[in-house]
Amino acid sequence: MSTLRRFEYLVAVVDEGSFTRAAERLHVTQPALSHQIRALERDAGGALLERLPRAIRLSAMGRAMLPHARAALADAERAVCAARQAAGLEAADLRVATVYSLSLGVLPPVLREWSRRYPGVAITLFEHRHTGELREAMLAGEADLAVGPRPADWDGPVRALGEEEFVLVLAGDDPAESSRLADFADRGWVRYAPENGLAEVLDQACAAAGFSPRTAISAAQTAAAPLLAAAGLGPALVPSNVLPAGFAGRVLRLDPPVCRELVVYTRGAPDPVSAAFTELLAAKF
């Protein structure tokens, strides 16, 4: 029995929370399933699952293995799809993971051009709230490539795209003359909810300017922040690329500028479809 199949068994047990239900899902006997899990544990050198009276729980070793098992299964599925595509058996597809702010600003023109150039290649977009969540999703094999801030401790290929600039959004009639972030320290801010990755960007930028932003209103959605700022509820720090043409608010470019690096990353060497998308993204950035 291959390790890949054992990974499939492990994932099924975790997802179902039961050896019995996992065996039914996989159409194997429960003793056969248990045997293969024990074989995987022997290969790993320790227990992967804690068999409680009424539940199954991952051990520390199991928690470490699970995302890699999921990624291996996703990559195997992708390999089969690639072979079928090469044989002309089905249309190509591409799975792209990103953070919410980039799906609003950076990606739409790239996706529009991709659709024009490669109408037979469908794209599935997976959106995440922050960089850590995006990284974990990629480790679990959710997508073929990720577009976002540089992930910490990433072993696979990473290609830098450039820097994303943040601007200060105010009400259209706001009298502020300064473009220094520190001069807005006494304002009540439009802040992002803690689960939104831009909350960290704002906090770090303000800390570098010597203050902690006071909350006037908190928004979970990236798109809401500039609208609330334009309505006069407080300044907001937003990616410049999310602002639509004809935006009604006042927009200030900061001095010194606030930027973050954006990259494309994959788990292994990108396949031809992923490589083509990366080249287009780099050209459009």
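Helices here are DSSP runs of H or I with at least four residues, strands are runs of E with at least two, and both are numbered from the N terminus. The exercises concern a predicted model, in which local features need pLDDT of at least 70 and side-chain atom pairs count only at pLDDT 80 or more, while totals for chains, interfaces and linings use all residues. Residues are numbered from 1 along each chain as its sequence is written, and side-chain values use heavy atoms, with hydrogens and water left out.

**Exercise 1. Describe the lining of the largest pocket: which elements supply at least two residues each, and how do the residues divide by character?**

Step 1. A pocket is defined on a 1 Å grid over the protein atoms alone, as an open set of points where a 1.4 Å probe fits, with protein on both sides within 12 Å along at least five of seven lines, and its lining residues have an atom within 4 Å of a point. The largest pocket holds about 340 Å³ of space, a volume being the space filled by probe spheres set on the points, which are joined across faces, edges and corners.

Step 2. Its lining has 20 residues, and T131, G197, V201, Q204 and R260 lie nearest the centre.

Step 3. At least two lining residues come from each of α5 (100-104), α7 (131-139), α8 (198-208) and β10 (250-265), with α8 giving the largest share, five residues.

Step 4. Eight lining residues are nonpolar, eight polar and four charged, where Ala, Val, Leu, Ile, Met, Phe, Trp, Tyr, Cys and Pro count as nonpolar, Asp, Glu, Lys and Arg as charged, and the others, Gly among them, as polar.

**Exercise 2. Find which element gives the most residues to the largest nonpolar core.**

Step 1. A nonpolar core is a set of buried Ala, Val, Leu, Ile, Met, Phe, Trp, Tyr and Cys residues joined through side-chain atoms within 4.5 Å; buried means under 20% relative accessible area, exposed over 50% and partly exposed in between, with a 1.4 Å probe and protein chains only.

Step 2. The largest core has 29 residues, of which L168, L181, W189, L237 and V238 touch the most other members. Its contributors of at least two residues each are β6 (158-170), β7 (188-192), α8, α9 (224-230), β9 (236-239) and β10, and α8 gives the most, with six residues.

Step 3. A second, separate core of 27 residues has V96, L145, V147 and V273 among its members.

**Exercise 3. Classify the aromatic pair of W114 and F277, and state what surrounds L280.**

Step 1. Rings of Phe, Tyr and Trp (its six-membered ring) pair if their centres lie within 6.5 Å, and planes under 30 degrees apart count as stacked, over 60 as edge-to-face and the rest as tilted. The structure holds four such pairs.

Step 2. The ring centres of W114 and F277 are 5.4 Å apart and their planes stand at 70°, so this pair is edge-to-face. Because W114 belongs to helix α6 (residues 107-117) and F277 to helix α10 (residues 272-284), the pair ties together parts 163 residues apart in sequence.

Step 3. W114 is buried at 2% relative accessible area, F277 is buried at 0%, and W114, Y118 and F277 form one aromatic cluster.

Step 4. L280, also found in helix α10, is buried at 4% relative accessibility. Leaving aside neighbours within four places in sequence, L280 is in contact (heavy atoms within 4.5 Å) with V110, E113, W114 and R117. The C-alpha atoms of L280 and W114 are separated by 7.7 Å, although the two residues are 166 residues apart along the chain.
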